[in-house]
Each structure stands twice: as structure tokens, then as C-alpha cells.
Amino acid sequence: MSAVVTLDLKEWRPPLADEVPQRVSRALEEGGVIRLPHVNFVLTDSERRFLSPAWSDGRAKNISLDGGRLKGAVGSPADCAELTAMIARFAAAAAELVTALFPRYAPYVKRARSSYRPQGVVGREVSWRKDDSRLHVDAFPSRPSRGERILRVFTNVNPAEDRVWRVGEPFEVMAKTLLPRISNPVPGASAVLAALRITKGRRSVYDHLMLNLHDHAKADLTYQRECPQETVRFAPGTTWLCFSDQVMHAVVAGQFMLEQTINLPVSALYDPARAPLAILERLTGHALVPAQ
Ligand code: SIN
Ligand code: FE
């Protein structure tokens, strides 16, 4: 069965029948990718000049907007102000979409980071751990989540080329295969990493497992080749959403994408029992984050 659910919505703030949020939130929280081929982010004539990798400073992978600050971009102050406004407009649109589709998530849409990814996917030299063309779930070494979810909204703003992903097997199936390979965290390591400010706060056992699932999946080329997977195409002008900490995903091709990350506490979910935290606690038989 495909992990992709395609909906024929046409607006960022679509009028929705009552049962739609219930149906779509279940699909999303079960690990689906929600694809909206007719929800487009239209660039203004002036913004079309940003469809070039030349706006990247060459150091960061993406141009990002976090707390109103633009990072990773080069350009005059006027160019940077316009780039900031474009990404902020996308962030506002993504927030409206998430609020309409998933009213329970609405209180959290403001705590978001946005990025613009002007680099082509093919041909970038990166280490295997950073290689997002390998199937993985998102987990960030410096930012422990302690179970918080990573909801991402993407739009392919390329006028001509699809963005292409591979989407892998369900989280629980992947975790059953890879968990037995993961050793326990080194005692005291999470305190040391936090004290040295290598991590923003303490890494929980949940974070240790998620980072290792990310790494073990990417490191195993046989798994990459042979695990059940499908190719998913996102045509120009398509928007899609998924929990990237749950969906096994890999990017195959594409250039020019806007992305919004929304972090959600597990308590905001419609069904917390489907979250990676609950699945991993069930599979390991342990509580994996400190009690709140
Ligand atoms: C990723 O989150 O792994 C990359 C997705 C993309 O660049 O399309
Ligand atoms: Fe990813």
C-alpha cells in the first residue's frame, strides 16, 4: 500500500468538510505523506530571480529563516530583505494550511523554522551521514527532541522539474530491523554533551535511538537497496507534508524547494500511540524520555 495520500485541495486555507481533518490527521500520524498537487506557492515576478543557487553562501546547505533571521544567503541588503519576505510569506501560508488541516496543531505553528533550498540535489559531495539521498528518519545530533515531533511542509517551487523522493517502509517495521543493532548510550555521555553545549539540552534515550536509527539506515547499503520502497514524484507547484521523524524518506532529484518545520509535543497529536516515541517504548519495553 502506498504511503502517499493525494488530496485535491486548491488553497492554503481551504474550506474543509468536518471529516477531512480527522481522516487526514490519521493518515499523517500513521506515517503517510500528504500530497497536494494544487496547493502552490506562487513566486512574484521579482522573486523568480531567487531561482538560482547563487543566493546560497556556499557554506550552509540551505538558506534558513529562524526567529526572523536570514542565514546562509548572500546578496545586497535589499535582496536579503526580499528573500526574507518570500520565506516569511511561505511560512505564513504553511501555518495556515496546518491550522486548517490539523486544528489541534494550531497552537504550535508559530514555533517554526523555515528554509529555502536552492541547491540541486544531484552531484553534491557529502558524507554518508549527511547524505539525504539515503533513506532515513530525521534526527538532529545537536538538537535533542525528547519525543517532540518534526512536522514538515514542503513546496516544489521549481517551474519545470519534479522533486523526487523514495519513501521506505513503515517506522515500526524499520525499527524492528534496526533496533537490535543499536548499543546502549554511554553512561554520562548526554550530560557531558550538554555541558559542552554540543547538544542543546540533554539527549534522552529516545534521541540516542533516533540518531542511531538514522545512522544505521544510512550506513547499510543493502538495506537501502532492498527494503520495501516506492518512488514518489512531486511535480512543480506541489505541496506535501509528513512527519519526517517517522517517514523513511530520501531525496533523489530536484532543485528549489521551500520547507517549513513545525515541532509538536506528543500531547498535541490526535493519537500519541502512533508516534515514534510510543512505538519505540513499546518495542524496547522502557520509558525513553524523562517524565515531564
Ligand atoms: C530530507 O529531509 O531528507 C531532504 C528532503 C529534500 O531535500 O527533499
Ligand atoms: Fe530528512
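In this predicted model, an oxygen atom of ligand 1 comes to 2.9 Å from an N or O atom in the side chain of His136. A second histidine, His249, offers a side-chain N or O atom 3.1 Å from a ligand oxygen, and for the side chain of Arg117 the corresponding distance is 3.4 Å. Taken alone, ligand 1 exposes 260 Å², and the protein buries 96% of that. Besides these three side chains, the residues around the ligand include Asp132, Asp138, Arg163, Trp165, Val251 and Met257. Sorted by class, this shell comes out as four charged, three nonpolar and two polar residues.

As for the setting, ligand 1 sits in the largest pocket. Two strands, S7 (163-167) and S10 (249-253), each give two or more residues to the shell around the ligand. The pocket itself holds about 1,400 Å³ of space and has a lining of 45 residues, with Lys61, Asn62, Arg117, Asp132 and Phe140 nearest its centre. Elements that put two or more residues into this lining include strands S3 (63-66), S5 (112-117) and S6 (149-156), along with helix H5 (205-219). Charged residues number 19 in the lining, next to 14 nonpolar and 12 polar ones.

Then there is the second largest pocket, with a volume of about 540 Å³. Its lining runs to 25 residues, and Ala3, Glu30, Gly31, Gly32 and Pro170 lie nearest the centre. Here the elements giving two or more residues are helices: H1 (19-29), H3 (171-178) and H7 (276-284). The lining of this second pocket splits into 12 nonpolar, seven charged and six polar residues.

How values were computed:
Residues are numbered from 1 along each chain as its sequence is written. Chains are lettered from A and ligands numbered from 1 in the order in which they are written. This is a predicted model: local features need pLDDT of at least 70, side-chain atom pairs count only at pLDDT 80 or more; totals for chains, interfaces and linings use all residues. Side-chain values use heavy atoms; hydrogens and water are left out. A residue is near a molecule or strand if one of its heavy atoms lies within 4 Å of it. A polar contact is a pair of N or O atoms within 3.5 Å; within protein, one must be able to donate a hydrogen and the other to accept it, and residues adjacent in sequence count only if both atoms are side-chain atoms. Accessible areas come from the Shrake-Rupley method with a 1.4 Å probe; for residues, only the protein chains shown count as cover. On a 1 Å grid over the protein atoms alone, a cavity is a set of points where a 1.4 Å probe fits but cannot get out, and a pocket is an open set with protein on both sides within 12 Å along at least five of seven lines; lining residues have an atom within 4 Å of a point. A molecule sits in a cavity or pocket if more than half of its atoms lie within 2 Å of its grid points. Helices (H or I, at least four residues) and strands (E, at least two) are DSSP runs, numbered from the N terminus. Ala, Val, Leu, Ile, Met, Phe, Trp, Tyr, Cys and Pro count as nonpolar, Asp, Glu, Lys and Arg as charged, and the others, Gly among them, as polar. Grid points are joined across faces, edges and corners, and a volume is the space filled by probe spheres set on the points.
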